[in-house]
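Visitor: I am in my first year and would like to look closely at one part of this structure. Could you take me slowly through a place where two helices pass each other, and explain the terms as you go?

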Amino acid sequence: MAGYGDVKLLRDDGLRLDGRKIDEMRPVTIEAGILPAADGSAMVTHGLNVAVAAVYGPMEAHPRKIQRQDRAVIDVRYNMAPFSTSDRIRPGFNRRSREISKVTAEALESVVLVERYPRSKIRVEIEILAAEAGTRCAGLTAAAVALADAGIPMRDLIVGVASGKVEDTVVLDLDKAEDNYGQADLPVGILPNTGEVAFLQMDGDLSPDEFNLAMEYNFKAAAEIHVIMVDALKRRYEGGEN
Amino acid sequence: MVELVPTLLRQELTRLAEDDIRLDGRGQWEGREVDLEVNCLYNAEGSAKVVMGKTIVYAGVKFELRTPWPDRPAQGSLMCSAELRPVAHRKYEPGPPSPESIELGRVVDRGIRESGCIDMESLCIVPGEKVWGVMIDIHVLSDGGNIFDACGLAAIAALRTAIVPAERFDVGEDYTLKVKGSPIMASFTRVGGRYVYDPSEEEELGGDERIHITLGDEGHLHSLQKGLRGVFTPAEFAEIFGVAHLRCAELRTLVANQEGN
C-alpha cells in the first residue's frame, strides 16, 4: 500500500501532476439560487468537487431544548451522496460527516448575525455530489453564498480553502492524489474582508515556517474565490429577477 | 389542527377544476418541460440530472463486487434507493429513511427491475462466487412536485449511460452496461376531483391520492402504485392509462435523444 513519499507528486519541471503551479488553485465556479425550494442556495464546483448548499429559515427552533434565548442556532448537515466517491458510500451520517457538520456550523455562527434571530434556527444543508479532495471547503463556500442568497445578515462571507504539503513542498489546494499521498492538509475558512479565520483544521506534519507559507497561500486563494462568490451573488440579482 | 393554507388551496383548486383550469395554466394531461442531462457526475459510473419545473433530481450508478444470493448463484443484483434529504424541502426532516423515501425508491426499483431491462445473468462473473451489484442512488435536491417521475427518469437515464468499472476491480476491461429498453413512469394526482398528469408542488399539497404507472417499451405495465388517501374507478384508471402511454413514449424519446449526443 502506498503511503507518504511513495508516490511521486511533483514533476521534474516543478509543476504538479495535473500541471498546476505550486501556488495555483483548481478552477472554481459558483452559482447562487439554484434550488427553487430553498430560501437560499448555491452550487460550487472546485476542481472536480461539486458541492450544493441549501438554506431554510430562520424558522422556529425545534425541539425547544436547542433554542438559545439570545440568538439563532445554525443547524448544518454535511452529507456526501452515495455516488460522490470512487467506492459507494452507505447513506447516512457517519463520524466524519458529523464532525465536519459541527465545525462548519460553528464557523457560520461566527459570521451570521445570529443575535438578530433569538430562539430560531437556520438550517444549512450541504450535499456533496462529486468528491475529489476539498469537499468541506467547497461546502463551506457554498454555505456562505447560500446564506447570503437567503438574505440572512452576515458580518462577512466565509471562503473555504486548503493548502498542504507534498514531497516536502507546501502547495495550494490539494487534489485527490495529493490529499491521499501528501504529508499535510490545512483547510481553513477565511473572512475575506476582515482577514479573520472562522474555520481551522489540520492533519499531517508542518513546520512553523511551512504553516505560515500554507496560510499565505490560503489567504491568496481566498481573495480569488471571494471575487467569484461576490460575482455569483451579483449575477443572481441582476435584471430584477426574484 | 386544520392546516389553513392547504384548506384554502384545496378550495381554490376545486374551483379552478370546475372550469378545467390548472393553477399554472397547463392542460389536464400536459407535463412541465423536462430537462435531462446525462453523465454529469464525475465519480458515478453513470449519472443523470432531471429538472422539471421546480423539481431537481440527480441519480448516480455505482457497482460493487459481491457474492450472489444462494438461490440465484449466476445472477447479479440491482438496488435502487432514493433519499429525500432535508436539502430538498423544508418539510423534510433529518433522520433515518422516511416511509415516503422508501416508497419512492421501491416504486422506481420495481419499474426498472420488472421491465427486465437489465439481464441479471450478464452481471455474473464467477457463478456462486462473484457477481456485480448495481446500485442506483437517487438524490432529490429540490422537491417542486412529482418527484416520482423525475426520479424514475433520472434512474433509467443514469443506468443507460453506466460503464461497468471492471478494470478498477481487476476483473477485465471496462464495458458499457447492457440495458434493454427504457421503463418510464407517469404519475397522476387527483386535484379538485379529477386527475391531472405531472402534479406541481401546489397540486400535491391541495390534492388527494396519486397513481404511478411505469410502462416498458412495448407499452406493458411493469409497476403500479397508488399512494395517499382516496379511491378511483376503473373508468378513471382507463383514462389515465391511455395518457400514460403517450407521455411515457415522449419521455422515452427524450432519453434516447440524450444518449445520441
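Guide: In chain B, helix α2(B) passes helix α3(B) in a right-handed crossing, a crossing being right-handed if the near helix is turned clockwise from the far one by less than a right angle, and left-handed if anticlockwise. The model is a predicted one, in which local features need pLDDT of at least 70 and side-chain atom pairs count only at pLDDT 80 or more, while totals for chains, interfaces and linings use all residues. Residues are numbered from 1 along each chain as its sequence is written, and chains are lettered from A and ligands numbered from 1 in the order in which they are written.

Two packed helices are described by the angle between their axes and the distance between the axes. Here α2(B) covers residues 99-114 and α3(B) covers residues 147-160, and their axes come within 10 Å and cross at roughly 45°. Helices (H or I, at least four residues) and strands (E, at least two) are DSSP runs, numbered from the N terminus; the axes are lines fitted to C-alpha atoms, for helices over the stretch in contact, with angles running from 0 to 180 degrees between N-to-C directions. The two helices are therefore oblique to each other, given that angles under 35 degrees count as roughly parallel, over 145 as roughly antiparallel, 65 to 115 as roughly perpendicular and the rest as oblique.

On the α2(B) side, the residues that meet α3(B) are B:Leu104, B:Val107, B:Val108, B:Gly111 and B:Ile112, and on the α3(B) side they are met by B:Ile147, B:Phe148, B:Cys151, B:Gly152, B:Ala155, B:Ile156 and B:Leu159, where two residues are in contact if their C-beta atoms, placed from the backbone, lie within 7 Å. Sorted by class, this contact has 10 nonpolar, 2 polar and no charged residues; Ala, Val, Leu, Ile, Met, Phe, Trp, Tyr, Cys and Pro count as nonpolar, Asp, Glu, Lys and Arg as charged, and the others, Gly among them, as polar.

Further along chain B, B:Asp170 lies in the loop between β7 (163-164) and β8 (175-176), and its phi is near 65°, a positive value in a residue other than glycine. B:Asp170 is exposed, with 7 other C-beta atoms within 10 Å (buried is 20 or more, exposed 12 or fewer, and partly exposed in between). B:Leu228, in the loop between β12 (221-227) and α5 (234-260), also has a positive phi, near 70°, and is exposed, with 12 other C-beta atoms within 10 Å.
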